[in-house]
Protein chains: 2
Amino acid sequence: MKKLVFILFFIPLFAGAQNATDDSLFIHKIAVNILSSDASYNNIHYLTKNIGQRLSGSPHMYIAEQWGAQVLKNAGADNVVLQQCMVPHWVHNGTDKAMVTYKDKNGNALQYVLNILSLGNSVGTGANGVQAPLVRVNNFDELEEKKNELKGKIVFYNNPFDDTLINTFNTYGKNIIYRIVGADRASKYDAVAVMIRSMTNTPGQNYPHTGSLGYSDSVKKIPAAAMGLQDVKKLDSLFDESLPVTCSLTTYGTMLPDTIAHNIIGELKGTEHPEQIITVGGHLDSWYPAEGANDDGTGIVQTIEVLRVLRALNYQPKHTIHFVLFANEENGTRGAKQYADEAKHNNEQHIFALESDAGGFTPRGFSFDITDAAIMQKINTWKPFFTPYYGDRFTVGEAGADVSYLKDAFHTPQAGLSPDSQRYFYIHHAATDVFENVDIREMKLGAINMAALIYLVDKYGLQ
Amino acid sequence: MKKLVFILFFIPLFAGAQNATDDSLFIHKIAVNILSSDASYNNIHYLTKNIGQRLSGSPHMYIAEQWGAQVLKNAGADNVVLQQCMVPHWVHNGTDKAMVTYKDKNGNALQYVLNILSLGNSVGTGANGVQAPLVRVNNFDELEEKKNELKGKIVFYNNPFDDTLINTFNTYGKNIIYRIVGADRASKYDAVAVMIRSMTNTPGQNYPHTGSLGYSDSVKKIPAAAMGLQDVKKLDSLFDESLPVTCSLTTYGTMLPDTIAHNIIGELKGTEHPEQIITVGGHLDSWYPAEGANDDGTGIVQTIEVLRVLRALNYQPKHTIHFVLFANEENGTRGAKQYADEAKHNNEQHIFALESDAGGFTPRGFSFDITDAAIMQKINTWKPFFTPYYGDRFTVGEAGADVSYLKDAFHTPQAGLSPDSQRYFYIHHAATDVFENVDIREMKLGAINMAALIYLVDKYGLQ
């Protein structure tokens, strides 16, 4: 079948069938090289196990930056630049705790501990914590209905993932609003803290999943934390019995003044159009509970792998290619903003950008954020090249947070790698985002498809 | 993009666009029902954790048969038949052991234990075991070169998986010959036993992977076992240093006379063409080291799920549908043979068959074993229905061992579910094929695509 597809599609689509054959063979070489190499295994192992979590401004972030620069050099970059930017410096300086107290129907006082994590950017409760009745709301409509009951209370947002959506990013996209603005909305009605149901569909686990929130200036900043789904289930059963529930909450989080970080940029200089830049990247920072393995260690390693394999195969790019390990995607995207701002200031030409920040799982294709129909038509003719490597599902949608600033600045056509999404939110921003939950073969397949796309864009351009 | 595909493809391909919309909506209902239901979770949990391994002829096989009949009834079968067949009755009646002894370069005698499992259908060594020098051969060519050195020796087949093949079934298909006939080929040159490198690409693990072998009548049956990849690595280092290696091997395995087993067949009676039969199935038996979770618990559960969801949605099939839990796929395919033989004897009409026996991983599509180009053309027009559920990769190839007998008997057009293959051989026939390595969402996605295909074949036929 695969061979049949090649015969049917390749020949008519290209001026010369020989080109298609050459490209197909070159992409096969990419695949064989990546699948035979230990480089990506060694890189993801080192980044997760020797460096580990690397929150913006943390000591490990700086260690990761130095590592990234060295690995890009080793992979064959013509030069590596550390591009400075200022990033938010939030620190999580303690162990969050929560204890629920309630009376059962016989009047017995009972309590149990919840497994929680402070949301990123959140203020902490202070060492003395807060103690207050819990109010459950399943959504913002219920928050509004109960707005007069919230003063002095802790609001528990309990909006579940919609398991009937096939792509799990779609339910994440709908639910994330509770994490981002839940604290602000509750503070408006004088709640003292917020707890959210973790942004996950994890079956049978109780890990809390953190992630950033945002405060507006108009209301008091109140602490916010996430809890695991098993704790949510227990709490739900108390609320379903209409038992009054009180929570003692101690969380940690302090926003220090902005600090210095860097985008790490490896460059391959173009031979024909050095002034035209193709960007490929992921983000080097991570959340604090684990090793940032799939978010976004795999994106970083795949980015480095694209560079390594192009050099290993002696490919001479026509355009300049930037391999970017972006700073601070998780709680600010300041690295991405700096990269686009400097590019704008220097009148650079950014012709294409590719991001990998959706986990290292088996690839399905790419999400293209491209408005020009002619460009999309050209890219669609390349689909058969990706079929053997499972990357031929080309959809239209967002490419990624980091490259989005290039779109704003230059309308740069861009894409994001789309891995299979089923397992991503089991581990996303949780203690389980560790090396052991990276599948090396699946990560490598993603890198193969990324390298193939960069190769084709570079060789044929997009115009 | 998905919406665009629908608009571009659906309308021209069908006589009426309304049909496409109705079908699309019905398949969406299938998806929502399956993703919202606990039935498949409960079934795979019970089959793996309460029943567990279910080798042909074992007590657990009979428990599994009773369970299967009950679950098919509960799922809404019009009737359930236990179709008797005779199956090989191989028993693994002991704990296999292997110890390697060698002298290092300083003459020190050293030894270590290997983690091994007897191959299925293999004779055992007897309780006293065998002790003999090991001879490493990387392939059959090397076996032939060394044929004069093999008398009284244990042959160690060390043919590795080719990690550069994207679909892992392709390398399995090339390597399996060493498991199937390795013992026979070595016995011809008077070797006393065989050890094989496990059929796996498991990174960093040491689980041995069993599976069936076959003996010919012309040579003496010698024992055969598989070892894990870490042990292979250690052994390799000894051979690379040309150190003489001796192995003490004790393995268990006895082939008893054939015994009774059953295909468990749930039926939905057709309303328009009850005499025309569509088959969907997986196999109920499993190997002995684990729970047969992905091989083929998930195929069984998906088969039941197709029945359950069609009934839950009050679908009245035009054709008769058989939901078959096949006996004895692993070491005989006698259930499949019986099913086809009886169908032939009864002059049944088998118009389509679908098998799921490639793991419960996230689906990619189907492998169609269909020679009639017109039928394949018709099926290809259905692709857009599968796109939202990631099952639209339609390839041409084998459908599955169990339904292949229907092809031999009736030229029945057939298909096999094609899940992503990257993780299958980590757990295939090993102690790790347990419930914990089943991803429930991924298994459900497979069931959705299977139900959609059965629905479309039933509604529109294949002619």
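Reader: What makes you trust chain A, and what is its mean pLDDT?
Author: Good place to start! This is a predicted model, and the mean pLDDT of chain A is 95, with 96% of its residues at 70 or more. Since pLDDT runs from 0 to 100, a mean of 95 expresses the predictor's confidence in chain A.

Reader: Where in chain A does pLDDT stay under 50?
Author: That happens over residues 1-15 of chain A, for which the model has 15 contacts beyond four places in sequence. Where pLDDT is low, the predicted coordinates should not be read in detail.

Reader: How do you know that chains A and B touch, and how many residues are in contact?
Author: The cut-off is 7 Å between C-beta atoms placed from the backbone. By that rule, 24 residues of chain B are in contact with 24 residues of chain A. On chain B, helix 2 (17-36), strand 15 (393-396) and helix 14 (440-460) each supply at least two residues of the side that touches chain A. Helix 2 of chain B gives the largest share, four residues. Sorted by class, this side of chain B has eleven nonpolar, eight charged and five polar residues.

Reader: Why are strand 2 and strand 9 of chain B called a pair?
Author: Two strands pair if there are at least two bridges between them. Strand 2 (residues 97-103) and strand 9 (residues 245-250) of chain B have six bridges, so they count as a pair, in the antiparallel sense. Within strand 9 of chain B, B:T250 is the bridge partner of B:K97.

Reader: What makes strand 5 of chain B a partner of strand 9 of chain B?
Author: Try the rule again: strand 5 (residues 130-137) of chain B pairs with strand 9 of chain B over four bridges, in the antiparallel sense. Here B:V130 stands opposite B:L249 of strand 9.

Note on methods. Residues are numbered from 1 along each chain as its sequence is written. Chains are lettered from A and ligands numbered from 1 in the order in which they are written. This is a predicted model: local features need pLDDT of at least 70, side-chain atom pairs count only at pLDDT 80 or more; totals for chains, interfaces and linings use all residues. Two residues are in contact if their C-beta atoms, placed from the backbone, lie within 7 Å. Ala, Val, Leu, Ile, Met, Phe, Trp, Tyr, Cys and Pro count as nonpolar, Asp, Glu, Lys and Arg as charged, and the others, Gly among them, as polar.
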